[in-house]
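The following exercises ask the reader to work from the coordinates of a single protein chain. Each task is followed by a solution in steps.

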Amino acid sequence: MISYAPLWETMKRKNATTYTLRTKGRVYNIGSATIKRLQTNQSVSTNTLDAICNILECSIPDIIEYIPDEKQINTD
């Protein structure tokens, strides 16, 4: 599973809010629906991830992390 928990921590550290993402993200088409997808750990495009990195001046590990599924762990 992909988790966006690091994104929310990075935003706190940089004093950014979802409003920041929406307003600065207009150029990148980051809207309310995209924010909702991030909040519920749903998939977003790599273009969106790139835009967030640009807006927050950070890198991919600052916004996403991979958490293995329990099923995958148990079958290996």
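The exercises below proceed from the whole chain to individual helices and then to one residue.

This is a predicted model, in which local features need pLDDT of at least 70, side-chain atom pairs count only at pLDDT 80 or more, and totals for chains, interfaces and linings use all residues. Residues are numbered from 1 along each chain as its sequence is written, and side-chain values use heavy atoms, with hydrogens and water left out.

**Exercise 1. The chain as a whole**

Determine which elements make up the chain and in what order they run.

Step 1. Helices (H or I, at least four residues) and strands (E, at least two) are taken as DSSP runs, numbered from the N terminus. The count is 5 helices and 2 strands.

Step 2. Read from the N terminus, the order of the elements is β-α-α-α-α-β-α.

Step 3. Along the principal axes, the C-alpha atoms fill a box of roughly 45 × 25 × 15 Å.

Step 4. A contact means heavy atoms within 4.5 Å. Among contacts with a separation of 6 or more, 62% join residues 24 or more positions apart.

**Exercise 2. Helix H1**

Establish which residues of H1 are buried and how they are arranged about the helix axis.

Step 1. Buried means under 20% relative accessible area, exposed over 50%, and partly exposed in between (1.4 Å probe, protein chains only). In H1, the buried residues are Pro-6, Leu-7, Thr-10 and Met-11.

Step 2. Viewed down the axis of H1, these residues fall within an arc of 140° (from the directions between the helix axis and the C-beta atoms); they therefore line one face of the helix.

Step 3. The general rule is that an α-helix has 3.6 residues a turn, so residues three or four places apart point the same way.

Step 4. Lys-12 and Arg-13 are exposed on the face turned away from the buried side of H1.

Step 5. The packing partners of the buried residues of H1 are strand E1 (2-3), H2, H3, H4 and strand E2 (65-66).

Step 6. Just after H1, Asn-15 has a positive phi of about 55°.

**Exercise 3. Helix H4 and Thr-48**

Identify what covers the buried residues of H4, and state which residues Thr-48 touches.

Step 1. H4 spans residues 46-56, and its buried residues include Leu-49, Ile-52 and Ile-55.

Step 2. Their cover includes helix H1 (5-13), helix H2 (18-24) and helix H3 (32-39).

Step 3. Thr-48 lies in H4 and counts as buried because its relative accessibility is 11%.

Step 4. Leaving out residues up to four places away in sequence, Thr-48 touches Ile-30 and Thr-34.

Step 5. Just after H4, Glu-57 takes a positive phi of about 50°.
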